[in-house]
Structure formats: C-alpha cells, structure tokens
Amino acid sequence: MNDHIIALDQGTTSSRAIVFNSKGTPVTIAQYPFPQIYPKPGWVEHDPKVILDTQLRSLAAAFEKSGLSPTDIAGIGITNQRETTIVWDKNTGEPVYNAIVWQCRRTASICDELIAEGLGDYVTEKTGLLIDAYFSGTKIKWILDNVPGVRERAERGELLFGTVDCWIIWNLTGGAAHVSDYSNCSRTMIFDIDKLQWDEKLCERLGIPMSMLPTPVPSSMVYGHIAKGLPGLEMLEGTPVCGSAGDQPAALFGQGCIHPGQAKNTYGTGCFTLMNTGSKSVRSTSGLVTSVAWSVNGELTYALEGSVFNAGSSIQWLRDELKIIDSASEVEALATSVPDNGGVYLVSAFTGLGAPRWDMYARGAIVGLTRGSTRAHIGRAALEGIAYQVKDLLDAMDNDVDSGLSVLRVDGGASVNNFLMQFQSDVLQKPIDRPVMVETTAFGAAFLAGLAVGVWKDVSEIVTLRVSDKVFTPQMSAEEAAVLHGTWLRAAERACKWEVKDIQE
Ligand code: ADP
C-alpha cells in the first residue's frame, strides 16, 4: 500500500513514534520516557545515546504493533525538542558530552557578554532571535571551551554538531546525512534566516568551526534511507527519512495553519503561540522571535513566536504545592463552582515573564484577595491567568503584523479544559478551534514526510484532514472583556521586577 508514515516525536521527557495512515489518523503509538540529568542548579542535560535508543525502540515498537508490512511504510518524519545541542565524533558516532538541553541556563553569562558587546541588533537582524541561553550557539561554544580536547578535535574537522533532529537523522541514515531543516537551524542563533545559511560572523565570534555544522535543508525531502544494521529496525532498512521540523512549527503545520495570519497555541507546561507570517520574515518590536517554520516545494514559510513560561505548570502548582486539587482535571469543576474570579488574579511568573514583558526578575503573584476569597477563586484565577498571557502574546503579534487573526487553533494537555477554552475565546473576542486529533506535532512531521514521497500531493490537503472537535465562540461582551483584561494588566505589572538579584548566574 505504501501509504503510511511513521512520525518520530523526540520530546524533552520522552521519545515517541506514531504510525499515521493516509487519512492522518494515528494507527499505533509507542513511547519511552528517559531521565533528565541536573548536574547543577539551572543545568539540564540528556544522554544523546539514551535519546537515540528510546527513539529507535519506539519506532520499532510502533511499527511492530501496527501489524503493517515494511512496504506499507512510505517514509519517516521527525519532530523534536528544539535547540538542544549535541556534538559527536563523525567517525565513531560517540558524543563528546551530554546533550545540553534547551532549558539549560549555563551559558547565560556568555549571552550577557554578547549583549554587552552590542551584538543584540545584529543577532535579531540575521537570526530573528533575541540573545538568550535557550538557543544552541552558546551551548556549542560551552562544549568547545569546557570539554578537554574538543576544540582541537573540532578544528581538525573530526566533530559534528547537530540539534536532536540532526542527531537522529545522522544515526538513522548510518552517518550518510548530516542535515538539519531550516526550522531547527533557525533556533541556533548562528543561522541567517533570510539567506538560509550559517552566519560566518556569529560562528567566528562564538569560535565555532563551520566544518562542524550540518547542511541546512528544506523540511520535506528525502534526506536518506534507514541504514543497515540498526538494532530492531532490520525490517525497515531502506525506508526514506523524508520530513523534519522542530516541535512548535510542526504543530503549526499539523494544525493546518498554512496561510499567513493563521495561528495556533499549545497549552502544555508552558504555552507556545506561533503565527504563520508567510514568506515574510517579520522582525518583532514586542519581544517575539522569528523563525523559518517550514520549507516545502521551494516555498518558505516564516513564523512569529512567543511563549508563556508557566501555563499548565501553574495548575501543577495548585495540585502539588497548594494541594487545592488532587488532579489537573479537577481544576475545571473548581473554577466553575464560582460565578467569577471574585476580583482575584494569579500571575504565574514563577520563572519570570516572557514576551511581551521579558522580565526575568518578575515573580508569581496573587492579587485582589479579600477575606471572602476562596480556593475556587484561586483555581479560576490560575486558569484565567493562562488565557490573559496568551492574549498578551497575540496582541503583541497583532502589533507586529496586523494579522487580522480570525480564529485561534489550540492543542496541548490543558486544551481539554472547556472553561479555559471558553474564557480564552471571551478575552480574545475570537473563536477558539480545538481539533479531534490532538497529536498535531507528530502529524505535522508525518505530513511533511508524506509530501516528499507522494502520500499527499499538496500542502493544502492537510486542511481537509483536520477535523474540529469543538469551536468556542465569545460569550462575554467586548466591554466586559476589556475591563477584565485591563485589571489583568495591572496585576501583571505588580509581579514585574520583583526579584532583586540576578537569577541567571
Ligand atoms: P507538556 O507537553 O508540556 O509536558 P502537555 O501538553 O502534556 O504538556 O500538558 C500537560 C499540562 O497540562 C500540565 O501542566 C497540566 O497541569 C496541564 N493540564 C492537564 N489537564 C488539564 C486540565 N484539565 N485543565 C488545566 N490544565 C491541565
């Protein structure tokens, strides 16, 4: 039949594989979690071999469970935790150090130096990013500077760098393809998102030999084929590896946001809002970042992106620290047990606030408490606080591109919360559209792969495969929404610039 695609979804806490049929329906899923390594406060690492092992095992398991034959599998697509940095020996395949994970703050002081040198505008102009320890560039520098012998080996051309997509593709293809798709390259802080090539000046400043860098490639093309001798994958030898995009752009694609002005928000531990800006790489004036979202059939699509650092995590906090709920799903009944928030606002600035405020010194706050405030008001305020932060991101996007956003597409663990979705629609005064199939990230990667090998003919077909589960429309008047949001802005202001010492060091 040759019309199934397997998507590899390499996340921060687990590696998953999902077999999709040509209708975009998941057939089987396999998932293996793996350990987080915290060598010091603020440092986060993964073992690259464990990432690979769990990913290959999940691929083998999802395929086996499906009962399909190897000829049913047209190709493999990959989506991944972005920015996480791996350096390995190109002859032995041995990593020289653990993967430095996107969350890791160890390079904050390198970033401070770059900012002090006045490189900020150059970085934004070339890479679309802000200087921050999230992105791969300073992580590569750290490995080269701190792991004995590594700089010399890199300069001799013996080492390769890659984000997780690149590491997996290199291994799947037996070292034949050292490539990274433009969306992943866009998150390194050394990639020129307009010229689609590595930026020599930034590589030189960070001391990164360009021989280590993967070849930047489109998101949908045959990069190579599954190599001989991979454990458990003998049956799939020769299957094309043919699609790749970072997790957030893959979700934007998987949500069918293929036209400029369309946007999605993922409600997970944090929130990630991405808006398709078409062939234009917009530079934000509101602290958002710009990346290549995908490149298919020679057409490049850019996205504007903002994130809320703590969203679902504030619900975990209600559960684990305040202990006012036993499970995340209970928060909906708690929130709807009161008719309104009773004037209580919760700002989940546990680790500072991202766009549009970019205040690393902000801290969480609950304001507006009265003697009559109850746990229900606090639960409700936590959910409302998520929705307000997403509105602030979309307002910032509107400010940058005048998007005329007509509907927000949603996914992620907390998008099952109907109260949150209704309130989001109310404060945005726009419809919220939740799909039936919430594996949008994996599906985006599968679709990119399927396009390269003819399972799907055209990008526009993805729209026909997406089915809405529920559309929430505004039930609140625009006036009331504006008053509530105005009060939220005052509450968020109270949380800003709270911490007095530098938390990044
Ligand atoms: P991630 O991919 O970031 O791990 P998920 O997409 O799996 O996150 O979503 C999990 C998050 O969603 C958790 O932070 C959890 O608190 C939150 N969550 C799960 N169910 C609900 C719910 N019914 N209402 C609100 N938040 C929820």
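Between which two elements does the loop that holds Glu-439 lie? In this predicted model, the loop runs between strand β22 (432-435) and helix α14 (440-452).

**View 1. Surroundings of Glu-439 in the loop between β22 and α14.** The side chain of Glu-439 forms a polar contact of 2.5 Å with the side chain of Arg-16. Leaving aside residues up to four places away in sequence, Glu-439 touches Arg-16, Ile-18, Phe-20 and Ile-29. Of these, Arg-16 is thus both a touching residue and the polar partner of the Glu-439 side chain.

**View 2. An open sheet of 6 strands.** The strands follow the order β3-β2-β1-β5-β14-β13, and their pairing is mixed. Because β3 (26-33) and β13 (220-225) stand at the edges with a single partner strand each, one side of each has no neighbour in the sheet. From one strand to the next, the twist averages 25 degrees.

**View 3. The edge strand β13 beside β14.** β13 and β14 (residues 240-246) run antiparallel and are joined by 3 bridges. Gly-224 has Val-241, in β14, as its bridge partner.

**View 4. Helix α1 on the sheet strands.** Helix α1 covers residues 48-66 and lies across β1 (4-10), β2 (14-20), β3 and β5 (73-80). Relative to β3, the helix runs at about 150 degrees. The strand β3 is also an edge of the sheet.

**View 5. The residue shell around the ligand.** The ligand is surrounded by 14 residues, of which Thr-269, Gly-312, Gln-316, Gly-413 and Asn-417 are the closest. Helix α10 (residues 312-320) contributes the most to this shell, with 4 residues. By residue class, the shell holds 5 nonpolar and 9 polar residues and no charged ones.

**View 6. Polar atoms of the protein and the ligand.** Two glycines approach ligand oxygen through their backbones. For Gly-312, a backbone N or O atom lies 2.9 Å from an oxygen atom of the ligand. For Gly-413, a polar backbone atom is 2.8 Å from an oxygen atom of the ligand. Asn-417 takes part through its side chain, with a polar atom 3.0 Å from a nitrogen atom of the ligand. On its own, the ligand has 580 Å² of accessible area, and the protein covers 67% of this.

Technical notes: Residues numbered from 1 in each chain as written. Predicted model: local features only at pLDDT ≥ 70, side-chain atom pairs only at ≥ 80, totals over all residues. Heavy atoms only, no water. Polar contact = N/O pair within 3.5 Å; in protein donor to acceptor, adjacent residues only side chain to side chain. Contact = heavy atoms within 4.5 Å. Pairing = 2+ DSSP bridges. Axes fitted to C-alpha atoms, helices over the stretch in contact; angles between N-to-C directions. Near = heavy atom within 4 Å. Areas by Shrake-Rupley, 256 points an atom, 1.4 Å probe, with all protein chains shown as cover. Nonpolar A, V, L, I, M, F, W, Y, C, P; charged D, E, K, R; others polar.
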